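Student: I would like a close look at one part of this model, the metal site, and then at the space around it. Please work outward from there to the rest of the chain.

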Amino acid sequence: MTRSTRRRVETRETQAREKAVTEEVVESFDFAESDRFREVMQSLVRHLHSFARDVRLSQEEWSAAVDFLTRTGQISDDRRQEFILLSDVLGLSMLTVGINAPAVEGATESTVFGPFFVEDAPRIELGGDLAQGAKGVPCYVSGQVRAVDGTPLAGVRVDAWEADEDGLYDTQYEGKVTAGRGWLLTDDDGGYRFWSVTPTAYPIPHDGPVGELMKAAGRGPMRPAHLHFKVEAPGFEPLITHVFVAGDEYLDQDAVFGVKESLIGHFVEHDGGTAPDGSQPTGRWTQVEFDLVLAREEP
Ligand SMILES: [Fe+2]
């Protein structure tokens, strides 16, 4: 049956039947113990059913969707998170970031968490080496963690993680390699600093279901070069963000829609000379300063 023929046989009776199914399912959540759970699930059912009616979802398409989600789960493990990637490429991650972290005047903006954070990253000393063997042009990263009113935040945990010069995170290599990630505590002035590698643009993993989706859409998989940060301090909203590299060719076509103008940092290029920590690198290195300004938690 073609789409137009199928549309023609949508009688008032079938419409009523479809509506009855939706209402029956919505009502099945009426007695949920949690008000919030009921609200979320009833809205989800309404929108999901409305979507199926809107596109006149075929049985084959329903099966393809189930197969897609099954494979998305099967390829995920503690080192690969295909569901976060799916959320990212559908813009759901950025939408959720926007809903939950409205821009607060003066605070650093948030962006996507991404699928590459791991819980057990190593602690490094202030000024230490976060690269831990990750390949790339050395990069000195520093800045201050402070409140919007300028108060420096001492002893705050700053997590950072990034891809190497081949555009790969440590978790994408065979074996349990840990490189290009770590955390440290800010000093008395809220300062943080570490050595790592200059971020490189990279394709999101596109050898799985999400890659198929991107290909079918004719969309490119590239993300502009960036370094991830996660900062958590008591009494403040947690901050999950990136610093992007100014001049990157993919800034206006991020596969996961994560770029915000205020998050673009200037990575100054050097050749030899003396670094801010007094060391004298041989060859090329870069330097970026990026302050992380936290919004106070709503009372
Ligand atoms: Fe990333």
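Tutor: What follows starts at the iron ion and moves outward through cavities, pockets and domains.

The model is predicted. The iron ion has four protein donors: the OH atoms of Tyr 169 and Tyr 202, and the NE2 atoms of His 226 and His 228. These donors lie 1.9 to 2.1 Å from the ion. The angles among the 4 donor atoms run from 90 to 161°, and the site is irregular. The class follows from the cut-offs, because four donors count as tetrahedral only if all angles lie between 85 and 135 degrees, and the upper end of the range here is 161°. For reference, the ideal angle for four tetrahedral donors is 109.5 degrees. One caution applies: water is not among the atoms, so sites may look incomplete.

Along the sequence, the donor residues follow the spacing Y-x32-Y-x23-H-x1-H. Tyr 169 and His 226 are 57 residues apart and link distant parts of the chain. Tyr 169 sits in the loop between β2 (157–161) and β3 (181–185), while His 226 belongs to strand β7, residues 226–232. Tyr 169 and His 226 are both buried.

Next, the enclosed space. The structure holds 2 cavities of 30 Å³ or more. The largest cavity has a volume of about 50 Å³. Three of the iron donors, Tyr 169, Tyr 202 and His 228, appear in its lining. The lining of the largest cavity also includes Asp 88, Val 112, Gly 114, Pro 115, Phe 116, Ile 204, Arg 223 and Val 256. By class, this lining has 7 nonpolar, 2 polar and 2 charged residues.

The second largest cavity holds about 40 Å³ of space. Its lining is made of Arg 79, Arg 80, Gln 81, Glu 82, Leu 85, Pro 115, Phe 116 and Pro 205. Pro 115 and Phe 116 line both the largest cavity and the second largest cavity. The classes for the second largest cavity are 4 nonpolar, 1 polar and 3 charged.

The open pockets come next. The second largest pocket contains about 620 Å³ of space. It is lined by 29 residues, with Val 97, Asn 100, Ala 101, Ser 110 and Pro 238 nearest its centre. Four elements each supply at least two residues of this lining: α5 (82–89), α6 (92–100), β8 (239–245) and β12 (292–294). The largest share comes from α6, with 4 residues. The lining of the second largest pocket divides into 15 nonpolar, 8 polar and 6 charged residues.

The largest pocket has a volume of about 860 Å³. Of the 25 residues that line it, Leu 48, Phe 51, Ala 52, Leu 57 and Trp 62 lie nearest its centre. Helices α2 (12–27), α3 (35–55) and α4 (59–74) each give at least two residues to this lining. Its residues comprise 14 nonpolar, 6 polar and 5 charged.

As for the domains, the chain is divided into domain 1 (12–57) and domain 2 (86–294). The largest pocket lies between these domains, because both give residues to its lining. The C-alpha centres of domain 1 and domain 2 lie 40 Å apart.

Two backbone details can be checked in the loops. Gln 132 has phi near 45°, a positive value in a residue other than glycine. Gln 132 is located in the loop between α6 and β1 (138–147) and is partly exposed, at a relative accessible area of 44%. Phe 257 is also not a glycine, and its phi is positive at about 65°. The loop that holds Phe 257 runs between β8 and β9 (264–265). With a relative accessible area of 45%, Phe 257 is partly exposed.

Finally, the chain as a whole. It has 7 helices and 12 strands. Its C-alpha atoms fill a box of roughly 80 × 45 × 35 Å along the principal axes. Of its 299 residues, 42% count as buried, and Tyr 169 and His 226 at the iron site are among the buried residues.

Methods:
Residues are numbered from 1 along each chain as its sequence is written. This is a predicted model: local features need pLDDT of at least 70, side-chain atom pairs count only at pLDDT 80 or more; totals for chains, interfaces and linings use all residues. Side-chain values use heavy atoms; hydrogens and water are left out. On a 1 Å grid over the protein atoms alone, a cavity is a set of points where a 1.4 Å probe fits but cannot get out, and a pocket is an open set with protein on both sides within 12 Å along at least five of seven lines; lining residues have an atom within 4 Å of a point. Grid points are joined across faces, edges and corners, and a volume is the space filled by probe spheres set on the points. Ala, Val, Leu, Ile, Met, Phe, Trp, Tyr, Cys and Pro count as nonpolar, Asp, Glu, Lys and Arg as charged, and the others, Gly among them, as polar. Domain bounds come from an automatic or database domain assignment. Donors are N, O and S atoms within 2.8 Å of the metal (3.2 Å for Na, K and Ca); water is not among the atoms, so sites may look incomplete. Four donors count as tetrahedral if all angles lie between 85 and 135 degrees; four count as square planar and six as octahedral if opposite donors are over 155 degrees apart and all others between 65 and 115; anything else is irregular. Buried means under 20% relative accessible area, exposed over 50%, partly exposed in between (1.4 Å probe, protein chains only).
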